[in-house]
Amino acid sequence: MPNRFTGFESGIESIPSQFFSELLPNIDDMDELKATLFGFYLLNQFEGDARYILVDDFLEAETIRLAFGNDDARGRIESGMKKAVERGVFLPL
């Protein structure tokens, strides 16, 4: 049985409602889902109008690396981000 979640420590950060109504019903790949959610999280960590994320930003966070599996985390993140870009969630650089 997976580790049991014990609740949020400091409230819930907002996820845009369009994620639930327009994106989530169409995402059928777990790596794309994780890349999208972690991408939102990472972008929220930066300030300013011109924010961007790199695969290395994902790899710097141990919890994110673990979520994608340490063995091929880079490949799985790249695959998930590519799908999110193709879907129009993120813009490519």
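**A guided look at a five-helix model**

Visitor: Is Arg 51 buried, partly exposed or exposed?
Guide: This model is predicted. Arg 51 has a relative accessible area of 39%. Buried means under 20% and exposed means over 50%. Arg 51 falls in between, so the word for Arg 51 is partly exposed.

Visitor: Where does Arg 51 lie?
Guide: Look between two helices, helix 2 and helix 3 (55–60). Arg 51 lies in the stretch that joins them, a loop.

Visitor: Which residues does Arg 51 touch, not counting those up to four places away in sequence?
Guide: Set aside the residues up to four places away in sequence. What remains for Arg 51 is Leu 43, Asn 44 and Phe 46.

Visitor: Which residues is Leu 43 in contact with, leaving aside neighbours within four places in sequence?
Guide: Start in helix 2, where Leu 43 is found. Leave out its neighbours within four places in sequence. The contacts of Leu 43 are then Arg 51, Tyr 52, Ile 53 and Phe 90.

Visitor: How many Å apart are Leu 43 and Asp 57 in space?
Guide: In sequence, Leu 43 and Asp 57 are 14 residues apart. In space, go from C-alpha to C-alpha. The separation of Leu 43 and Asp 57 is 10.0 Å.

Visitor: Is Thr 36 buried or exposed?
Guide: Thr 36 lies in helix 2. Its relative accessible area is 0%. The cut-off for buried is under 20%. Therefore Thr 36 counts as buried.

Visitor: Which residues does Thr 36 touch, not counting residues up to four places away in sequence?
Guide: Residues up to four places away in sequence do not count here. For Thr 36, that leaves Phe 19, Ile 27, Ala 84, Val 89 and Phe 90.

Visitor: What is the relative accessibility of Phe 38?
Guide: Phe 38 is found in helix 2. Phe 38 counts as partly exposed. Its relative accessibility is 22%.

Visitor: Which residues is Phe 38 in contact with, leaving aside neighbours within four places in sequence?
Guide: Again, neighbours within four places in sequence are left aside. The partners of Phe 38 are Phe 58, Ile 64, Ala 67 and Phe 68.

Visitor: At what angle do helix 2 and helix 5 pack?
Guide: Helix 2 covers residues 30–45, and helix 5 covers residues 73–87. Their axes are 7 Å apart. That pair is roughly perpendicular. Helix 2 and helix 5 pack at an angle of about 80 degrees.

Visitor: How many residues in the contact of helix 2 with helix 5 are charged?
Guide: Helix 2 brings residues including Asp 31, Glu 32 and Lys 34. Among those they meet in helix 5 are Arg 76, Lys 83 and Arg 87. The contact divides into four nonpolar residues, two polar, and a charged group of six.

Visitor: How many strands does the protein have?
Guide: From the N terminus on, the elements run α-α-α-α-α. The secondary structure comes to five helices. The number of strands is zero.

Visitor: What is the radius of gyration of the protein?
Guide: The globule rule gives 12 Å for 93 residues. The protein's own value is close to that, so it is as compact as a globular protein of that length. Its radius of gyration is 14 Å.

Visitor: What share of the 93 residues do buried residues make up?
Guide: Buried means under 20% relative accessible area. Of the 93 residues in the protein, the share that is buried is 24%.

Note on methods:
Residues numbered from 1 in each chain as written. Predicted model: local features only at pLDDT ≥ 70, side-chain atom pairs only at ≥ 80, totals over all residues. Heavy atoms only, no water. Axes fitted to C-alpha atoms, helices over the stretch in contact; angles between N-to-C directions. Helix = DSSP H or I, 4+ residues; strand = E, 2+ residues; numbered from the N terminus. Parallel < 35°, antiparallel > 145°, perpendicular 65-115°, else oblique. Contact = heavy atoms within 4.5 Å. Nonpolar A, V, L, I, M, F, W, Y, C, P; charged D, E, K, R; others polar. Rg over C-alpha atoms; globule rule 2.2 N^0.38 Å. Buried < 20%, exposed > 50% of the residue type's maximum accessible area, 1.4 Å probe, protein only.
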